[in-house]
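Student: I'd like to learn how to read a structure like this one, feature by feature. Can we walk through it together?

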Amino acid sequence: QVQLVESGGGLVQPGGSLRLSCAASGSIFGIYAMDWYRQAPGKQRELVAGITSGGSTNYADSVKGRFTMSRDNAKNTVYLQMNSLKPEDTAVYYCHEPRGGHWGQGTQVTVSS
């Protein structure tokens with residue numbers, strides 16, 4: 001069983017930065033691909049970024065060049081570094097482990113002046 005706990009959300013001004021963290025339980029975390037999703041009010045949940053067990057990443061077009069996903073297998077943690085934030089990035093961000101279908105509880109990111 002995998003449990004995921006996100007942290008690092010908050011209120012930031014446009015152009016600012018935040019780093020989200022997702023801590024996972026389980027001693028075999030290193031073999032899991034992981035994703036970050038987000039859901040804005042009134043919108044469907046969308047894939048933001050993904051990382052393979054080997055560290056290869058992919059990003060939604062809307063965040064390419066601004067967001068960077070990484071992982072530290074020794075800490076059982078994945079990160080989402082978000083730079084140049086825009087108001088349209090406002091959403092609840094969720095960590096996801098796709099093989100087992102596990103989700104974290106989400107962390108709110110609000111970009112506003």
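Student: Let's start with contacts. Of those between residues at least 6 apart in sequence, what share joins residues at least 24 apart?
Tutor: This is a predicted model, so keep that in mind throughout. The idea is to ask how far along the chain the partners in a contact sit. In this protein, among contacts between residues at least 6 apart in sequence, 53% join residues at least 24 apart.

Student: And how many helices and strands does the protein have?
Tutor: Here you read off the secondary structure runs in order. There are zero helices and eleven strands, which gives the pattern β-β-β-β-β-β-β-β-β-β-β along the sequence.

Student: What about overall size: which radius of gyration does the protein have, and what would a compact globule have?
Tutor: You compare the value with a rule based on chain length. For 113 residues, a compact globule would come out near 13 Å, and the protein has 13 Å, so the two agree. As for the box, the C-alpha atoms fill roughly 40 × 25 × 20 Å along the principal axes.

Student: How much of the protein is buried?
Tutor: Burial is a cut-off on relative accessible area: under 20% counts as buried. By that yardstick, buried residues make up 44% of the 113 residues. The accessible surface comes to about 5800 Å², with 47% of it belonging to carbon and sulfur atoms.

Student: Where do the charges sit on average, and how far apart are the mean positions?
Tutor: You take the mean position of each sign and look at the separation. The protein has 10 positive and 8 negative charges, and their mean positions are 2 Å apart.

Student: Now the aromatics. How many aromatic pairs does a search of the whole structure find?
Tutor: Two aromatic pairs turn up. One of them is Y37 with W103, an edge-to-face pair at 5.0 Å centre to centre with 65° between the planes. That pair links distant parts of the chain: Y37 is in strand β4 (residues 34-39) and W103 in strand β10 (residues 102-103), 66 residues apart. There is also Y94 with W103: the ring centres are 6.3 Å apart and the planes are at 90°, so this pair is edge-to-face. Put together, ring pairs link Y37, Y94 and W103 into a cluster.

Student: Are those three rings buried or exposed?
Tutor: Check each against the cut-off. Y37 has a relative accessible area of 19%, so it is buried. Y94 counts as buried at 13%, while W103 is partly exposed at 36%.

Student: Which residues does H96 touch, leaving aside its neighbours within four places in sequence?
Tutor: Set the sequence neighbours aside and see who is left. H96 is in contact with L4, M34, D35, Y37, G101, H102 and W103. H96 is found in strand β9 (residues 91-97), and its relative accessible area of 9% makes it buried.

Student: Let's try a loop residue. Is R66 buried or exposed?
Tutor: Location and burial are separate checks. R66 lies in the loop between β6 and β7 (67-72), and it is buried, with a relative accessible area of 10%. Leaving aside neighbours within four places, its contacts are Q81, M82, N83, S84, L85, K86 and D89.

Student: And what about S53, in the loop between β5 (46-51) and β6 (57-59): how far is it from Y32 in space?
Tutor: Compare sequence separation with the C-alpha distance. S53 and Y32 are 21 residues apart in sequence and 5.4 Å apart in space. S53 is partly exposed, with a relative accessible area of 39%.

Key: Residues are numbered from 1 along each chain as its sequence is written. This is a predicted model: local features need pLDDT of at least 70, side-chain atom pairs count only at pLDDT 80 or more; totals for chains, interfaces and linings use all residues. Side-chain values use heavy atoms; hydrogens and water are left out. Helices (H or I, at least four residues) and strands (E, at least two) are DSSP runs, numbered from the N terminus. Buried means under 20% relative accessible area, exposed over 50%, partly exposed in between (1.4 Å probe, protein chains only). Contact means heavy atoms within 4.5 Å. The radius of gyration is taken over C-alpha atoms; the globule rule is 2.2 Å times the number of residues to the power 0.38. Accessible areas come from the Shrake-Rupley method with a 1.4 Å probe; for residues, only the protein chains shown count as cover. Lys and Arg count as positive and Asp and Glu as negative; His and the chain ends are not counted. The place of a charge is taken as NZ of Lys, CZ of Arg, CG of Asp or CD of Glu. Rings of Phe, Tyr and Trp (its six-membered ring) pair if their centres lie within 6.5 Å; planes under 30 degrees apart count as stacked, over 60 as edge-to-face and the rest as tilted.
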